[in-house]
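Open the model in your viewer and keep the sequence panel beside it. The stops below go from one selection to the next.

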Amino acid sequence: MSSAASEPIFADRLLNDWLASVGLGIEYSRAEANTLYFRDGSGREVPVLDHVCGFGSLIFGHNNPDIIEHAKSVLDEQIPVYVQLSRQSHANALATVLNAILRRETPSGDGDYAAIFANSGAEAVEICVKHAELERRARIVRLTDDVLRHVEEAREAVGAGRATVAETPYVQVGAARDDREKLEHLIAEIGRRNAELVAKGPVHLALENAFHGKLVATVQLTQNPHWRMPFIALSSSTRFLRADRPEEMKGAIEDLRESLLDILVADGAVTVVERDFPVIGAFFVEPVQGANGMRPLTEAAAREIRAVCDAVGCPLIVDEIHSGMGRTGAFLASSHMGLQGDYYTLAKSIGGGIAKNSVALFYQDRFRPEFEVLHSSTFAKDGFSAAIAMKVLEMLEADDGRAYRVAAERGERLMEMLSSVKADFPGVVDAVDGIGLMVALEFTDQTRATSDLIREKAGSGMLGYVVAGYILREHRIRVLPVGPAGNSVRFEPSVHLTDEDIARTESALRDVCAIIRDQDGDRLAPR
Ligand SMILES: Cc1ncc(COP(=O)(O)O)c(C/N=C/c2cc(O)cc(-c3ccccn3)n2)c1O
């Protein structure tokens, strides 16, 4: 039901106007499995095949009956939903199931993971940013404690006449009268420089085209400048590395290297030495990059990223918020390319399409228990979302993981269709990519198209949205572009995707590709 023209509008005014301008301004009235419904002018229910499925958060479809029935049963039992700061065994029960799955799916296959629950994907990533900083600061304290101990050792050696201060660039020799004073000048300069370095925040690593959320810290891990740059002053900086050039990663982080100054006494001389300083907080990685045309990481990139984190000593954070929960044919997409994380994040489908939930999982050997009380959130770890998550995991793991095999097989059929469309429209389709039910089709660059409409929409990054509006209007299928890359369409349906759905989608895509091939742009014009 759209608001009457006279009614005041306090939400989504700009967004709703924009949606209408590209032909996506539909209000849905019902949702089931892979289908959305809206009512047309005569009140008739019109079905729409949904390939967006909550941006990949509906692995079992809209309002899955088994999940809905479970939700009703737990609410009828009047389970405690919000009982913060009490024993909530459901949290450990859920974490236990997740650990069993991670032992199966992580390359190392060992270790347990501590769980911290949250309310959204971005919050789970923010939690990882905070925990990684706890780890980094613990490393810094060990270093600065070493320096303090070495300073005292030098004072004692010089005071006892067992050492003199070597000529060093950090000593203002002019004003000093003896070694003791030279030493104090040296200690002061070392302290000043180290304090400056310690006061600086971490630098985070991520991949180009990364998407890790839009909260204050996570938006700096999301490369799209349109979303990131307005808030760049609010949080730590990120170095974005190319996943397709893993060999450049080690060199790229060399530029970031920082040293803490230390003081040593050896052979009767006090000297200054440089110690590696942990400036890099963490490396955030999506195994399949949603905003980069659903491109999976290569095994080579996975190996290099792991090697970089081992060399630097920072945690590798595998962000499975989009790719996890069975969407790619395995519980973790990172299991396909052998990417071993130190932390993992999950969200989207863990909510079963009706609850908000997310979790950050920390390898036990790295987990800092004080974090359990350092971070909290009113609605996190609630009884209802945990009950839904347990049901979702039960459904994913049932019949020896049948849902994963269905996702893989349905994804293969979908990819076969997309590849056939690409083959028949070589000048129109640039790439199809993805794994399982996380795939995308990217159009060729249309910024110099002969059609005014196609050229203008491509130039403004809106081509994918106008195509989505056309497909919705003419074919009653809902697709959306992949993030800011406006010349693409994403497909992230539920496991309920049928062969008929795929055939309908093929027909719609071939229609659009013919329009672009023939530069018949006016047919795409929103009506
Ligand atoms: C890997 C990863 N990490 C954290 C998040 C953040 O999760 P929340 O949205 O639950 O906070 C997401 C959720 N993804 C959202 C997303 C991913 C994407 O590729 C594009 C858009 C998007 C959003 C608005 C307009 C256009 N595109 N949104 C994700 O995919």
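Select Thr164 and Ala269: Ala269, in S9, is the bridge partner of Thr164. Widen the selection to S5 and strand S9 (residues 269-277), which pair in the parallel sense over two bridges; strands count as paired if DSSP finds at least two bridges between them. The model is predicted, with local features needing pLDDT of at least 70 and side-chain atom pairs pLDDT 80 or more, while totals for chains, interfaces and linings use all residues. Residues are numbered from 1 along each chain as its sequence is written, and side-chain values use heavy atoms, leaving out hydrogens and water.

Now show the whole open sheet, three strands in the order S5-S9-S8 with mixed pairing. Its edge strands, S5 (164-165) and S8 (258-266), each pair on one side only. Helices and strands are DSSP runs numbered from the N terminus (helices H or I, at least four residues; strands E, at least two).

Add helix H5 (residues 121-159), which packs on the sheet and touches S8 and S9. Contact means heavy atoms within 4.5 Å. The direction of H5 makes about 30° with that of S8; axes are lines fitted to C-alpha atoms, for helices over the stretch in contact, and angles run from 0 to 180 degrees between N-to-C directions. Helix H6 (residues 179-199) lies across S5, S8 and S9, at about 155° to S8.

Go next to Met417, in helix H11 (residues 383-424). Is Met417 buried or exposed? Met417 counts as buried because its relative accessibility is 4%, the cut-offs being under 20% for buried, over 50% for exposed and partly exposed in between (1.4 Å probe, protein chains only). Leaving aside neighbours within four places in sequence, select the contacts of Met417: Ile502, Thr505, Glu506 and Leu509.
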